[in-house]
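Colleague: I am new to this structure and should be grateful for a guided introduction. May I put some questions to you, one region at a time?

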Amino acid sequence: MAGSKQTEVSYRLLIFCALSCEAKPLIEYWRLRALPGLGPFGFFADRDKALVVSGIGKTAMAAAVAHALAALPVEPQPALLNLGVAGHAEAALGHAYLAHKITDGDNGKVFYPQLPFVVPCQTAKLWSLSKPSAEYAHAGLLDMEASGFAEIGLKFSTAELVHALKVVSDNPSEPLAQVQPDLVASLIRRHLPIVDSLSQALLELRADLQETDVELFHRLRQEFHFSVTAAAQLKTLLQRWSSLRGLDSCRWREQNLRSGKEVLAWLQQELAQTEFFL
């Protein structure tokens, strides 16, 4: 499989971990096999899901996401999950959270994962920093990868399918210096049922999004001109609208739209006002 895409497999779910000790419990649990020869990152997979070990930091994670989506046979609009540990100013070790807001601590960029499914754990805000910090200055989770993951992942999939699940590994009472690989693996292993449940929810949601009203998509393409790139963007926006609002509410004829560009702008504006998170 090295260096080329194979037709016999097609991945619908990709999970990204920064550390091998974060990935190990899932590799064992799902019995994933190693995929050698795919570049500088660690790749493991079964028939429909793949796991990638990126290394520490936002840049490494962003590079791993981009490389994986280029090197692997991935289905359109895949479910993407960043799994790992994080610090927290208040929560006890071992608590699992799904991020409902991801902020890059360096450039201030903010990403809002959408949660139109039953969430199997609590949710929290997450700050991604460029280096380890023992100050716990932000309210919520602290990691070093999620913003890089989200920024690249959202170029390939929708906000409903790009998520970060973090398990608390340190706090002011039990600081970062005490975090060891065995502890990290133990914390992740404790929450494998949540990872399983979340993965299934994302795959089911992805299947629903793929069933977007094809008739509406084709009707809009007949009414307005869309380039190939714009048509792909249109499909993504309609999938998000279907998930968040239901396509019956897409009253585009009432807007006096005059071009494909205006259609896309209107859809984006309306969806921006429909933040759906817990």
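**Strands, helices and selected residues**

Colleague: Is His163 buried or exposed?

Modeller: The relative accessibility of His163 is 0%. Buried means under 20% relative accessible area, exposed means over 50%, and partly exposed lies in between (1.4 Å probe, protein chains only). His163 therefore counts as buried.

Colleague: What kind of model is this, and how are its residues numbered?

Modeller: This is a predicted model, in which local features need pLDDT of at least 70 and side-chain atom pairs count only at pLDDT 80 or more, while totals for chains, interfaces and linings use all residues. Side-chain values use heavy atoms, with hydrogens and water left out, and residues are numbered along each chain as its sequence is written, from 1.

Colleague: Which strand holds His163, and which residues does His163 touch?

Modeller: His163 is found in strand β10; strands (E, at least two residues) and helices (H or I, at least four) are DSSP runs, numbered from the N terminus. Contact means heavy atoms within 4.5 Å. Leaving aside residues up to four places away in sequence, His163 touches Leu80, Leu81, Asn82, Leu98, Pro113, Gln114, Leu115, Phe117, Phe149 and Leu202.

Colleague: Which strand runs parallel to β6?

Modeller: Two strands pair if DSSP finds at least two bridges between them. β6 and β10 are joined antiparallel by three bridges, with Leu98 opposite Leu165. β6 also pairs with β7 (residues 110–111) in the antiparallel sense, over two bridges. Seven bridges join β6 in parallel to a strand of residues 122–128, which is β8.

Colleague: Why is β6 described as largely enclosed?

Modeller: Strand β6 covers residues 96–104, nine in number. The rest of the structure largely encloses β6, because the number of its residues that are buried is eight.

Colleague: Which residue takes a positive phi in the hairpin of β6 and β7?

Modeller: Across this pair, Thr103 has Val110 of β7 as its bridge partner. Five residues lie between the two strands of the hairpin. The residue with a positive phi, near 80 degrees, is Gly108.

Colleague: Which side chains of strand β3 point to the buried face?

Modeller: In a regular strand the side chains alternate between the two faces of the sheet. Strand β3 (residues 42–45) shows this alternation, with Gly42 and Phe44 pointing to a face where they are not buried. On the other face the buried side chains are those of Phe43 and Ala45.

Colleague: How many bridges pair β3 with β4?

Modeller: A hairpin of three residues joins β3 to β4, and Phe44 has Leu51 of β4 as its bridge partner. β3 and β4 (residues 49–53) are antiparallel, and the number of bridges is four.

Colleague: What span should helix α2 have?

Modeller: The expected span of a helix is 1.5 Å times one less than its number of residues. Helix α2 (residues 58–71) has 14 residues. Its end C-alpha atoms are 20 Å apart, which agrees with the expected 20 Å.

Colleague: At what angle do α2 and α3 pack?

Modeller: Axes are lines fitted to C-alpha atoms, for helices over the stretch in contact, and angles run from 0 to 180 degrees between N-to-C directions. The axes of α2 and α3 (residues 146–153) are 7 Å apart, and the angle is about 30 degrees.

Colleague: Which term describes the direction of α2 relative to α3?

Modeller: Angles under 35 degrees count as roughly parallel, over 145 as roughly antiparallel, 65 to 115 as roughly perpendicular and the rest as oblique. α2 and α3 pack at about 30 degrees. That makes α2, relative to α3, roughly parallel.

Colleague: How many ångströms separate the axes of α7 and α8?

Modeller: Helices α7 (residues 228–244) and α8 (residues 260–272) pack at about 30 degrees and are therefore roughly parallel. The distance between their axes is 10 Å.

Colleague: What is the relative accessible area of Thr158?

Modeller: Thr158 is found in the loop between α3 and β10 (162–170). Not counting residues up to four places away in sequence, Thr158 touches Gln77, Leu209, Thr236, Gln239 and Arg240. Thr158 is buried, with a relative accessible area of 1%.

Colleague: What is the relative accessible area of Arg12?

Modeller: Arg12 is found in strand β1 (residues 11–17). Beyond residues up to four places away in sequence, its contacts include Asp48 and Glu75. Arg12 is partly exposed, with a relative accessible area of 27%.
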